[in-house]
Amino acid sequence: MDFKSCVNIRQEWDIVGARQLGREKAKELGFGTVDQARIATAISELARNIYLYAGTGKVRFEIVDQLDKKGLKIIAIDEGPGIRDVSQVMQDGYSTSGGLGAGLPGVKRLMDFFEIRTEWGEGTEIETIKWVR
Amino acid sequence: MRIPILKLQNYLLISIQIDLDDQSAIQFQEDLLNKIHKSGATGVVIDLTSVDIIDSFIAKVLGDVVTMSDLMGARVVLTGIQPAVAMTLIELGIHMQDVQTALDLEQGLIKLRQELEG
């Protein structure tokens, strides 16, 4: 499959751009309406985190094609401050930005695979996958 | 992008038909409160039939606008939330418990009428 697979997050509008592209990819891959909404929402949360906490970064899409399953991988990368305490941001209701604090634990629930790689001062990379059912 | 707000007797009707970015959402919040103030509307229906994603930010803006309108004396009902959106919101951890909802615009107006006139 050939597609533009990366969205740079530089301004607020890019959040919408990222989730629209992600939804398109999800649709092409054969995800149902509910999974498309889950994926688009997860992307929106990840892209907003980049915009709010790192300023700039990117959201990359990859198709994962394994023998028995196919999925959409979403990778959110930034070179922002990083996350000091990962277990804290994974708590429901935790927010430093006055939001609803649904962010990362919510994304984890919406997706099938979720991994954070981060180092304080070095930036953050979040990898997440949704499998086509 | 500006979201049109229609007035019908004592009610304001809004149908959100764009993919809401943060700025449009905040603009809408301000526009709606101003319109309530100017028109003296007592009820508001925000129809979300065409909205296929509500993330935590948009949910917060919508929840806030309901509370703000309430402070000003106008009741808000959200209508037409799609099944996929409802499922996604709950999984995301957003419950919007203090928000009145109805299946569609018609039911929303009936609900408002019952509350405000009945």
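This is a guided tour of a predicted model with chains A and B, taking each chain in turn and then the side of chain A that touches chain B.

Before selecting anything, note that residues are numbered from 1 along each chain as its sequence is written, while chains are lettered from A and ligands numbered from 1 in the order in which they are written. Because the model is predicted, local features need pLDDT of at least 70 and side-chain atom pairs count only at pLDDT 80 or more, whereas totals for chains, interfaces and linings use all residues.

**Select chain A**

Shown as a cartoon, chain A has four helices and five strands, where helices (H or I, at least four residues) and strands (E, at least two) are DSSP runs numbered from the N terminus. Followed from the N terminus, these elements come in the order β-α-α-β-β-α-α-β-β. The radius of gyration of chain A, 14 Å, is close to the 14 Å that the globule rule gives for 133 residues, so chain A is as compact as a globular protein of that length; the radius is taken over C-alpha atoms, and the rule is 2.2 Å times the number of residues to the power 0.38. Along the principal axes, the C-alpha atoms of chain A fill a box of roughly 35 × 25 × 25 Å.

Coloured by burial, chain A has 41% of its 133 residues buried, a residue being buried if 20 or more other C-beta atoms, placed from the backbone, lie within 10 Å of its own.

**Select the side of chain A that touches chain B**

Here 24 residues of chain A are in contact with 19 residues of chain B, contact meaning that the C-beta atoms of two residues, placed from the backbone, lie within 7 Å. Highlight α1 (13–29), α2 (33–54) and α4 (103–110) of chain A, each of which supplies at least two residues of this side. The largest share, nine residues, comes from α2(A). By class, this side of chain A has ten nonpolar, seven polar and seven charged residues, with Ala, Val, Leu, Ile, Met, Phe, Trp, Tyr, Cys and Pro counted as nonpolar, Asp, Glu, Lys and Arg as charged, and the others, Gly among them, as polar.

**Select chain B**

Chain B has four helices and five strands, which follow the pattern β-β-α-β-α-β-α-β-α along the sequence. Its C-alpha trace spans about 35 × 30 × 25 Å along the principal axes, and 37% of the 118 residues in chain B are buried. Among contacts in chain B with a separation of 6 or more, 81% are between residues 24 or more positions apart.

Notes: A residue is buried if 20 or more other C-beta atoms lie within 10 Å of its own, exposed if 12 or fewer, and partly exposed in between; C-beta atoms are placed from the backbone.
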